[in-house]
Amino acid sequence: MEDVNLDDTSRRKNAVAAYVLDNKMDNSSKDIPLYPTEIRKCESICIFGTGDFGRSFGSKMLQCGYNVVYGSRNPHASNLTPKGAKVLSHEEAIKESSIIILAIHREHYDFLEQLNSQLEGKVLVDVSNNLKMNQFENSNAEYLASLVTGAKVVKAFNTISAWALQSGTLDASRQVFVCGNDVKSKDVVMDIARAIGLTPLDQGSLLSANEIENYPLQLFPMWRLPMYICTGFTILIFLYCALTEVIYPFATSNENTLYLVAISIPNRVFPIVSLILLALVYLPGIIAAFLQLYRGTKYSRFPDWLDKWMLCRKQLGLVALAYAFLHAIYTFVIPIRYYVRWWSDQYTIKQVTTPIAFSSHYAWLSDSYVALGMLGFFFYILLGITSLPSVSNAVNWREFRFVQSKLGYLTLVLCTAHTLVYGGDRFIYGPFYKWFLPPAFVVSLIIPCSVLVLKFITIIPCLDSRITKIRQGWERNAKS
Amino acid sequence: MEDVNLDDTSRRKNAVAAYVLDNKMDNSSKDIPLYPTEIRKCESICIFGTGDFGRSFGSKMLQCGYNVVYGSRNPHASNLTPKGAKVLSHEEAIKESSIIILAIHREHYDFLEQLNSQLEGKVLVDVSNNLKMNQFENSNAEYLASLVTGAKVVKAFNTISAWALQSGTLDASRQVFVCGNDVKSKDVVMDIARAIGLTPLDQGSLLSANEIENYPLQLFPMWRLPMYICTGFTILIFLYCALTEVIYPFATSNENTLYLVAISIPNRVFPIVSLILLALVYLPGIIAAFLQLYRGTKYSRFPDWLDKWMLCRKQLGLVALAYAFLHAIYTFVIPIRYYVRWWSDQYTIKQVTTPIAFSSHYAWLSDSYVALGMLGFFFYILLGITSLPSVSNAVNWREFRFVQSKLGYLTLVLCTAHTLVYGGDRFIYGPFYKWFLPPAFVVSLIIPCSVLVLKFITIIPCLDSRITKIRQGWERNAKS
Amino acid sequence: MEDVNLDDTSRRKNAVAAYVLDNKMDNSSKDIPLYPTEIRKCESICIFGTGDFGRSFGSKMLQCGYNVVYGSRNPHASNLTPKGAKVLSHEEAIKESSIIILAIHREHYDFLEQLNSQLEGKVLVDVSNNLKMNQFENSNAEYLASLVTGAKVVKAFNTISAWALQSGTLDASRQVFVCGNDVKSKDVVMDIARAIGLTPLDQGSLLSANEIENYPLQLFPMWRLPMYICTGFTILIFLYCALTEVIYPFATSNENTLYLVAISIPNRVFPIVSLILLALVYLPGIIAAFLQLYRGTKYSRFPDWLDKWMLCRKQLGLVALAYAFLHAIYTFVIPIRYYVRWWSDQYTIKQVTTPIAFSSHYAWLSDSYVALGMLGFFFYILLGITSLPSVSNAVNWREFRFVQSKLGYLTLVLCTAHTLVYGGDRFIYGPFYKWFLPPAFVVSLIIPCSVLVLKFITIIPCLDSRITKIRQGWERNAKS
């Protein structure tokens with residue numbers, strides 16, 4: 001599962017080794033069919049730097065029919081370059097091509113200052129990455145542009161790994177973010193990206209370089225806020241449950257129920273947090289609607305926290321799904337747990353002497369809350385599947401909105417009903433209120449029920465028509 | 001889960017707000033790096049209309065280095081246009097560009113008639129959508145072409161939402177359907193689509209405009225037939241089970257078993273409908289084979305109902321999988337239901353006084369039908385995973401056919417065997433035939449068993465070789 | 001589930017029939033909007049061969065605005081060609097276009113030798129496939145190039161099926177592998193591929209033709225090795241379990257426990273093989289690290305077996321996940337099995353007379369091994385989801401490596417701990433050692449524990465820093 005792709009490119013025989021490793025080019029390029037020299041594309045590419053990336057990139061370019069020339073400080077010492085490529089000094093190499101790929105570290109950029117005149121008008125592609133986010137004051141590409149003022153600097157390829165280029169397996173993104181101040185140069189670079197099977201994306205001027213350089217250093221930035229929210233609620237609910245189910249019996253009757261923390265308490269925390277997170281997915285949309293109603297216009301920005309909240313709704317929903325999944329499997333194993341089996345045995349044995357009548361009421365209650373929960377889980381899974389990029393990419397907007405909004409609310413209603421019916425008559429049953437604290441599931445219902453009530457208010461015809469009007473561009477205070 | 005994509009584009013800081021909302025451009029475009037004026041692409045784009053789509057589109061075009069000129073009735077009143085764009089009168093704006101994006105409603109097209117001479121030879125891109133399918137007699141694009149006879153009308157971008165363009169999150173389709181009578185104009189428009197990261201698809205002449213305009217209004221058209229079939233069978237089987245399990249005991253012994261409708265009866269309906277639907281996936285292929293055998297040629301069209309049936313096989317299969325999934329989870333929770341626990345307790349208590357011997361036969365029967373069901377479910381899931389667009393896109397035709405045909409039939413065989421073994425000796429056991437009706441699972445086996453028998457006939461060597469010959473183009477009555 | 005795609009293209013009304021079938025073009029092309037003759041693209045395409053592929057391809061080209069000319073031996077006899085296409089003799093057809101699509105079988109190539117002079121300088125596209133892998137000594141395309149020495153032969157489109165072209169449903173790969181010795185000709189062919197909505201991929205010179213021709217005949221080549229490994233372990237562990245749980249009780253106490261082979265023994269085999277396979281996913285990375293440490297350089301090739309092993313890690317992991325999934329569902333159904341219910345009843349009945357006290361220790365043990373197993377399963381599923389092409393394509397390298405390496409090891413640790421705690425005090429409990437054989441789960445722990453220990457060694461700071469240095473290009477024996 002680690003690094004080789006289902007993708008067909010991985011089948012090719014030149015796919016090489018592990019991603020942590022890069023073998024010598026002159027070994028691995030053996031079986032790559034190169035063009036006979038006479039039929040090469042006229043276009044030449046010059047690469048500065050014979051490190052892993054420089055070599056992989058050059059090898060790939062050769063495969064695609066380009067002439068490749070390496071620029072090196074010691075042209076004769078470089079024996080790592082792929083077969084078919086020339087190695088020249090920096091000055092000579094520049095003359096051979098109008099495009100120079102700069103596969104060297106930022107620290108070694110200074111020597112380019114001396115080549116300023118030769119680089120005049122050339123396309124200089126910065127592929128470098130940093131080790132930390134915002135490591136330097138300005139981006140590598142902007143720094144390069146300030147050094148070599150005559151060249152047209154383009155930032156590109158920094159998200160592509162040497163190993164991916166070499167082995168043909170592109171598990172992670174195939175997208176090449178391109179930015180630069182000169183449009184023609186960007187076009188040239190984007191064509192090269194397309195030629196080697198990558199997807200270029202124009203990101204605007206060199207001002208975007210910083211962002212592009214930070215990109216490969218990001219670790220799930222969109223998931224951070226949802227993870228914090230989720231962790232916060234998880235700890236809170238866990239402590240609440242531990243208080244009422246472990247500390248309370250220990251304090252009041254010296255009973256040791258610590259073994260509940262392995263499954264019983266988690267299986268209370270998972271559904272509660274899942275339900276709260278699912279409600280939080282739909283809350284910002286409702287807040288936005290009320291805000292628009294209050295302001296009487298859609299043409300004013302939302303507060304920043306609301307924007308951020310709205311942007312992480314998908315992630316919130318997926319975390320909620322993960323917890324719902326855990327709740328489901330933790331529930332399926334209930335009957336095989338020793339603890340459950342022992343207590344159920346005692347209950348059975350008790351009935352040998354004092355029979356308990358079958359209660360149709362309880363049969364209804366138990367079956368309906370289980371059924372509601374499973375239907376909720378089913379729609380949860382459905383929502384998750386339609387969130388997969390390749391699935392959501394195959395539906396149109398109307399369908400996407402139908403699934404995520406209509407089915408989403410249906411899921412929320414089912415899961416809230418599941419919890420309400422689970423509560424049943426326990427809501428008012430005294431013994432469940434330990435130290436006057438309501439059981440955890442009562443607490444968990446506050447947000448979902450509020451969301452459903454508020455949503456219900458927004459679909460009251462008079463409010464609904466007003467919101468629709470506002471969203472179509474109508475303004476209360478508009479004059480023109 | 002609602003509207004923000006896993007996709008990396010969503011990480012960018014200019015991703016804005018909720019999809020239901022569009023903020024003022026002059027706010028949100030603040031942090032989009034625009035080109036300094038001198039380095040813009042020479043190409044200019046003219047946009048008529050400063051509504052949500054016009055503004056989002058213009059903003060995106062500016063980002064990609066185009067000159068953007070808005071045509072407006074009141075050029076001075078428009079303060080909603082993105083920074084960097086010019087706003088002129090319609091007549092002046094036309095002069096600035098050879099491409100005009102028409103981001104206005106069909107009702108306001110008439111004013112273009114007066115501009116007919118200025119629009120001569122220009123590319124006029126119709127991005128409009130209607131509110132209902134086939135709302136007008138002819139498509140908006142064709143209507144436009146009839147108004148402005150000199151311009152080259154191209155239909156495009158109507159499937160793309162303003163919000164998607166603005167926020168960079170493209171959850172739903174990135175595909176741009178393009179049609180038009182002039183090939184060069186279409187090429188220009190397709191290039192623009194590519195420039196902003198979308199995937200253009202040539203749909204032929206302007207005759208396709210109607211279809212393209214209907215597309216974003218569709219709500220899962222391919223799922224309609226399977227959903228009808230599925231709903232029909234679900235209601236039918238549900239009523240059948242309710243008759244034998246709720247009404248029968250009530251009528252004959254006044255026993256109230258209404259609580260069975262929550263889980264017990266659904267868990268009978270789900271597997272039965274799932275099995276029938278799975279069989280229906282494979283039935284049309286067999287009918288087609290027999291039809292070809294009978295006709296002695298593949299070169300004659302199938303009846304319409306067969307064509308339609310064949311086209312919805314994937315959807316039928318996925319609905320069958322959904323029901324199989326529901327059956328699985330409804331089965332996993334059996335032991336935690338009050339109803340089941342109570343009866344199992346009674347059974348245990350009875351054994352205290354009258355021990356029941358262990359039956360190796362029942363252990364075999366119970367274990368095998370459960371094992372068959374789970375293996376069937378496993379292959380069901382496997383089929384479902386290979387139906388995901390991104391997975392099926394990574395296999396070649398031989399592999400795809402292997403999975404969907406070989407593994408599909410294996411699943412059908414396993415699930416049919418699961419039902420047969422579940423039936424066990426109950427097929428002939430009198431008390432199960434209430435009011436002379438066979439138990440539901442007996443009814444459910446009719447279609448799957450027929451499909452398997454028919455399939456078995458088609459793979460008899462003499463028939464199989466004949467079908468293969470026919471499918472390779474051989475004709476019984478061919479003369480040439 | 002068989003052949004129709006979620007994809008929007010499938011919605012179009014010209015999607016036709018079943019993939020096993022190709023109807024006559026003059027029927028199905030009725031509703032495809034064609035260009036009026038005067039607005040066609042100037043470019044003409046010549047197609048030799050009016051078989052299924054030739055007709056589908058021509059029809060698609062017509063839709064996209066190309067002129068299509070068929071070359072045929074009997075131009076007047078061909079009534080199967082799509083409407084709008086001309087049918088001429090081979091000689092005349094060649095004159096009309098600079099591109100000839102050769103949709104005929106290799107056996108019929110010889111007649112082209114006579115057309116050698118007319119074909120001089122033309123682009124000749126070979127779309128043929130063979131029936132077996134490496135059927136001929138040289139590839140069809142190379143054979144063609146040797147016959148028609150003056151033409152520029154390009155291999156392409158052989159992975160695309162006629163049915164897919166015709167119906168618009170492209171369930172299997174949309175990728176067109178293109179190879180050829182002339183770069184310009186390849187560019188022309190790649191443009192055609194793009195025009196009909198396919199994704200061309202340059203595969204280098206004509207030397208790659210053999211590989212490209214073998215591609216559609218492959219049947220999951222990357223899955224072969226993992227399947228062999230998995231089958232081997234499955235049989236081995238199955239026999240081992242059968243020996244200790246079926247043959248042993250039969251031999252020693254004449255007890256018939258054969259019914260265990262349906263669920264009990266598989267549910268022992270699945271988790272054991274799953275755990276071993278998961279460990280095998282991470283073992284090659286560790287071996288590679290030690291090899292690099294020993295050699296003191298990363299610049300030397302790994303042995304072939306290690307390379308192959310590394311390339312199938314993803315598949316190994318997915319098979320491990322499949323087995324883990326089977327283990328999970330086989331575990332969920334435990335309480336509904338007759339065998340389990342009977343024994344648990346006996347146990348309950350025994351307690352009526354001789355009560356057994358609740359053991360907090362067992363409650364802990366049982367709950368923790370179940371909890372560890374479920375958490376392990378949860379992360380397993382997470383790894384599986386991130387292996388989906390569309391998901392792994394949406395993350396950057398750092399994120400991909402984080403998930404597959406960090407989460408992967410976490411899964412391995414959880415699953416190993418699950419097995420260890422499951423073992424509990426049974427490791428040293430005599431009766432479990434039948435015929436001096438340790439229980440199967442003890443055997444299963446050997447590889448996972450070794451992998452974890454070795455991994456632990458490599459992250460000891462002094463070794464870890466050395467490995468990092470080597471992977472950054474440092475060499476122990478380097479001089480320069």
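**Figure 1. Buried residues of helix α8 in chain A of the predicted model.** Along α8(A), the buried positions are M222(A), P226(A), C230(A), T234(A), I237(A), C241(A), A242(A), T244(A), E245(A), V246(A) and P249(A). The elements that cover these buried residues include four helices of chain A, namely α9 (266–295), α10 (304–311), α11 (313–332) and α16 (440–444).

**Figure 2. Length, kink and C-terminal end of helix α8 in chain A.** Helix α8 of chain A comprises 33 residues, 221–253. From the first C-alpha to the last, the helix reaches 47 Å, close to the 48 Å expected at 1.5 Å a residue. At I247(A), α8(A) has a kink of about 40°, and the proline P249(A) follows shortly after this position. P249(A) also belongs to the buried residues of the helix. Just after α8(A) comes N254(A), which adopts a positive phi of about 55°.

**Figure 3. The open, mixed sheet of chain A.** The sheet is built from 8 strands of chain A, arranged in the order β3-β2-β1-β4-β5-β6-β7-β8. Its edges are formed by β3 (86–89) and β8 (199–202) of chain A, each of which pairs on one side only. On average, neighbouring strands of this sheet are turned by 30° against each other, direction ignored.

**Figure 4. Pairing of strands β1 and β4 in chain A, with helix α2 packed on the sheet.** Strand β1 (residues 44–48) and strand β4 (residues 99–102) of chain A run parallel and are joined by 3 bridges. Within this pairing, C46(A) has I100(A) of β4(A) as its bridge partner. Helix α2 (residues 52–63) of chain A packs on the sheet, where it touches β1, β2 (67–72) and β4 of chain A. The direction of α2 makes about 160° with that of β2(A).

**Figure 5. Two cysteines in a structure without disulfides.** A disulfide is a covalent bond between the sulfur atoms of two cysteines. Over all chains, the structure holds 0 disulfides. C449(A) has a relative accessible area of 29% and is therefore partly exposed. C241(B), with a relative accessible area of 0%, is buried because this value lies under 20%.

**Figure 6. Overall composition of chain A, as context for the close-up views.** Chain A contains 18 helices and 8 strands. Of its 480 residues, 60% count as buried. Among contacts in chain A between residues at least 6 apart in sequence, 71% join residues at least 24 apart.

Notes
Residues numbered from 1 in each chain as written. Chains lettered and ligands numbered in written order. Predicted model: local features only at pLDDT ≥ 70, side-chain atom pairs only at ≥ 80, totals over all residues. Heavy atoms only, no water. Helix = DSSP H or I, 4+ residues; strand = E, 2+ residues; numbered from the N terminus. Expected span 1.5 Å × (residues − 1). Bend = angle between axes of the 7 residues up to and from the residue. Buried < 20%, exposed > 50% of the residue type's maximum accessible area, 1.4 Å probe, protein only. Contact = heavy atoms within 4.5 Å. Pairing = 2+ DSSP bridges. Axes fitted to C-alpha atoms, helices over the stretch in contact; angles between N-to-C directions. Disulfide = S-S within 2.5 Å.
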